[in-house]
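Trainee: Could you take me through this structure slowly, and tell me each time what justifies the words you use?

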Amino acid sequence: MEKSLEKRVEYALNYNGTGSDYFGIVIVNWLLTVVTLGIYYPWAKAKQLQYIYNSTSLNEDSFEFHGTGKEMFKGFLKAVLVFMVLYGVLGLFMYLKMPITALLLFYVLLIAVFPIAIHGSYRYRMSRSSWRGIRFGYRGDRKEFTLLFFKWIFFTIITLGIYGPWMAMNMRNYLLGNVRFGDVEFEYNGDGTDYFALNIKGYLLTIITFGIYGFWWQKELFEYYVNNLSLNREGGKIRFNSTATGGDFFKLIVVNLLILIFTLGLGYAWVVTRTLKFVFEHVEAEGNINLDALTQTEENYKDATGEDLSDFLNLDTIM
Amino acid sequence: MNNKTTAVFYDGNSSVPQQIELSLNKLNATLEFRISDGAYYKWLIKEVVFDKRATGLHLKHGSDIVQHIKIEDADFIDAVHHFRKENGHISWYQKLLDLGFAAHFGIAVVIMALIGLSYLYAIPWVAEKSVVLIPEEYDNKLGDSAWAGNEYFMNVDSKKTKLLNDFAKQLNLQNTKKLKFIVVKSAEINAFALPDGSIVVFTGILEEMKNYDELVGLLGHEASHVNNRHSMKMLCRSLSGYLFISVILGDANGIMATIGDNVNSFQSLSFSREFEHQADADGFKILLVNKVNPQGMSNLFKRLKQNNFVSIPEFLSSHPVTENRIEFIDKMIKNQKFQKVNHPQLESLFAELKQ
């Protein structure tokens with residue numbers, strides 16, 4: 001098709017949210033969460049995600065989050081049920097005086113919850129995100145991912161954690177590689193050896209420089225994330241490139257900390273805004289996919305159980 | 001006012017932008033437009049989701065196939081907004097958001113103040129009440145498990161343990177439950193009470209003492225912790241504090257939770273000071289009841305403070321600053337009448353313990 005022959009273009013990624021708008025949302029949500037003794041939380045989360053997605057734009061059109069509080073509340077209840085079953089099994093075998101079996105089973109099941117949570121969270125988040133009405137989607141297979149996860153965890157444990165960077169990259173390759181944006185396919189090319197070397201270097205230099213290199217380490221991690229990501233569609237491609245420097249990260253992190261300290265945490269909304277602006281300002285996208293011609297391919301998926309399990313397990317940063 | 005504008009339409013099946021002429025029909029309360037293939041749409045304004053963003057006003061319609069319209073014309077956006085306002089379509093959530101920064105800031109301050117107040121007054125009260133509901137057996141269980149965890153690392157001096165038990169038998173410690181005394185061989189200058197009534201005294205602290213009245217003061221102090229169920233109260237308060245924080249703050253805002261957590265540990269520190277203060281006062285009373293010189297307690301503290309100036313003994317550390325505690329006891333000694341009687345038996349047991 002002629003699309004792949006089009007000349008390379010740059011794509012504009014922007015974050016247009018303001019600290020004071022986001023502050024309003026955070027505070028109103030906080031008020032409602034306090035008044036309802038926490039029950040409002042899923043709705044609050046939906047509103048916050050909606051604002052952030054809506055404030056992020058690609059070529060002047062904003063992204064969208066369709067998830068609702070109701071979906072996430074249902075997911076929350078199911079997630080509670082999962083944990084109740086988990087502790088029920090532990091309790092049952094403890095009651096039967098089989099503590100070894102109980103603990104073994106408990107940990108195997110607990111480890112199994114992680115891939116299920118990650119899988120569910122990806123499916124939900126992606127399916128509930130869109131741009132110009134074109135949904136994102138996640139096509140990973142739960143069973144396959146769970147088995148892979150157990151394999152990676154096993155290697156990580158028997159190598160006393162050394163396999164960790166390989167696990168991280170394998171997982172990222174699998175997860176991002178299964179993300180779709182209409183008929184556009186995501187691809188991530190992480191390599192465990194590179195990632196391992198990057199982290200060892202970062203760790204050692206950070207110690208030697210009393211933490212100062214930490215900002216440059218952060219810069220390299222960000223760069224590794226962004227530069228290895230690409231989008232493909234019918235031979236067309238979009239590549240990403242990070243333009244952030246260690247100095248940029250230094251400024252971002254130090255100013256964020258100062259804001260938090262001097263506002264007693266109330267500046268949180270501005271910290272989030274600054275960080276998101278920073279991220280999108282420092283990612284360049286270039287390629288030859290015509291974004292005016294995407295078609296809808298991904299189905300709706302409204303089960304937020306995985307999303308809420310991830311919330312319980314604090315997996316928010318896995319993206 | 002402008003009731004017509006050009007806008008961009010997305011059909012929910014592709015990302016192809018389509019130019020449309022959109023009109024607001026106030027009479028029927030609809031938004032109407034025709035797309036390039038000739039189809040004519042009428043959207044009931046009630047069924048449209050409106051979203052004001054930096055990129056313009058976004059309209060969403062439909063549930064499975066979501067259609068989209070983006071409007072950039074400011075006059076038209078105003079017209080739609082007025083129409084929705086007049087017809088009461090603005091949601092209460094949006095109204096809360098529209099209150100503006102000053103109001104939001106005010107809300108934040110009020111919530112923080114309320115949280116602070118309930119933290120200072122409501123939580124301790126609830127904790128105090130809930131302790132009464134917890135049967136004493138749990139104190140014993142708690143003590144047992146604490147001791148079981150440490151037993152292996154502690155070298156119990158059985159001879160001195162017996163002596164200390166004999167020593168305590170001579171005293172009225174105003175205890176409601178049976179107390180058990182254990183002497184542990186260790187250079188550490190420390191003593192502590194477990195909720196089941198076990199009072200553990202290290203040989204290190206015994207060596208520091210010069211007179212039996214100091215030991216009575218120490219035992220009185222520790223016995224007070226048991227009598228008042230301080231461990232259980234501490235547990236209840238930090239648990240309810242933790243629960244409170246995670247319910248109210250934990251999920252609303254990560255930063256708030258961190259601040260809250262720190263406040264919680266700070267709070268339990270001052271809480272333990274409160275308990276130490278009570279134990280000092282009770283220990284003092286026990287000295288009086290047993291007609292032992294109350295100066296012993298003050299002497300013990302002074303000695304511990306002098307001899308260990310580099311590292312404050314654990315027994316004193318988490319506490320009202322030692323200076324204040326000494327002052328507090330000295331003041332009581334001054335203000336209260338007391339009787340001193342010689343206790344030859346205590347004296348001889350103490351001498352044996354010191355060997």
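Mentor: What follows is a conversation about a predicted model, in which each term is set beside the rule behind it.

Trainee: What makes the residues of chain A and chain B count as a contact, and how many does each chain give?

Mentor: Two residues are in contact if their C-beta atoms, placed from the backbone, lie within 7 Å. The contact between the chains takes 39 residues from chain A and 32 residues from chain B. On the side of chain B that touches chain A, the elements giving two or more residues are β5, β7, α2, α3, α8 and α9 of chain B, and the largest share, five residues, comes from α3(B).

Trainee: How are the residues on that side of chain B divided by class?

Mentor: That side has 17 nonpolar, 10 polar and five charged residues; Gly is counted among the polar ones under the rule used here.

Trainee: How do you know that the length of helix α1 of chain A is close to what is expected?

Mentor: The expected span is 1.5 Å times one less than the number of residues. Helix α1(A) has 17 residues and reaches 24 Å from its first C-alpha to its last, which is close to the expected 24 Å. After this helix comes Leu37(A), with a positive phi near 55°.

Trainee: Why is Trp30(A) called buried?

Mentor: A residue is buried if 20 or more other C-beta atoms lie within 10 Å of its own, and Trp30(A) is listed among the buried residues of α1(A), as are Tyr22(A), Phe23(A) and Thr33(A). The buried residues of this helix pack against α2 and α10 of chain A, together with α2 and α3 of chain B.

Trainee: Why are β4 and β5 of chain B said to stand at the edges?

Mentor: Seven strands of chain B form an open, antiparallel sheet in the order β4-β3-β2-β1-β7-β6-β5. Because β4(B) and β5(B) each have a single partner strand, one side of each is left without a neighbour in the sheet. Neighbouring strands are turned by 30° against each other on average, direction ignored.

Trainee: What makes β1 and β2 of chain B a pair?

Mentor: Two strands pair if DSSP finds at least two bridges between them, and six bridges join β1(B) to β2(B), which run antiparallel; there, Val8(B) stands opposite Gln19(B). Helix α1 of chain B packs on this sheet, touching β1, β2, β6 and β7 of chain B, and its direction makes about 40° with that of β2(B).

Trainee: And how do you know that β8 and β10 of chain B pair, and in which sense?

Mentor: The same rule asks for at least two bridges, and these strands have five, in the parallel sense; Lys180(B) has Ser198(B) as its bridge partner. Strand β8(B) is also mostly covered, with four of its five residues buried.

Trainee: What makes a group of residues a nonpolar core?

Mentor: A core is a set of buried residues of certain nonpolar kinds, joined through C-beta atoms within 7 Å. The largest one has 43 residues, and Ala168(B) is one of those with the most contacts inside it, while helix α7 of chain B gives the largest share, seven residues. Leaving aside neighbours within four places in sequence, Ala168(B) is in contact with Leu173(B), Leu179(B), Phe181(B) and Leu219(B).

Methods
Residues numbered from 1 in each chain as written. Chains lettered and ligands numbered in written order. Predicted model: local features only at pLDDT ≥ 70, side-chain atom pairs only at ≥ 80, totals over all residues. Buried ≥ 20, exposed ≤ 12 C-beta atoms within 10 Å, placed from the backbone. Axes fitted to C-alpha atoms, helices over the stretch in contact; angles between N-to-C directions.
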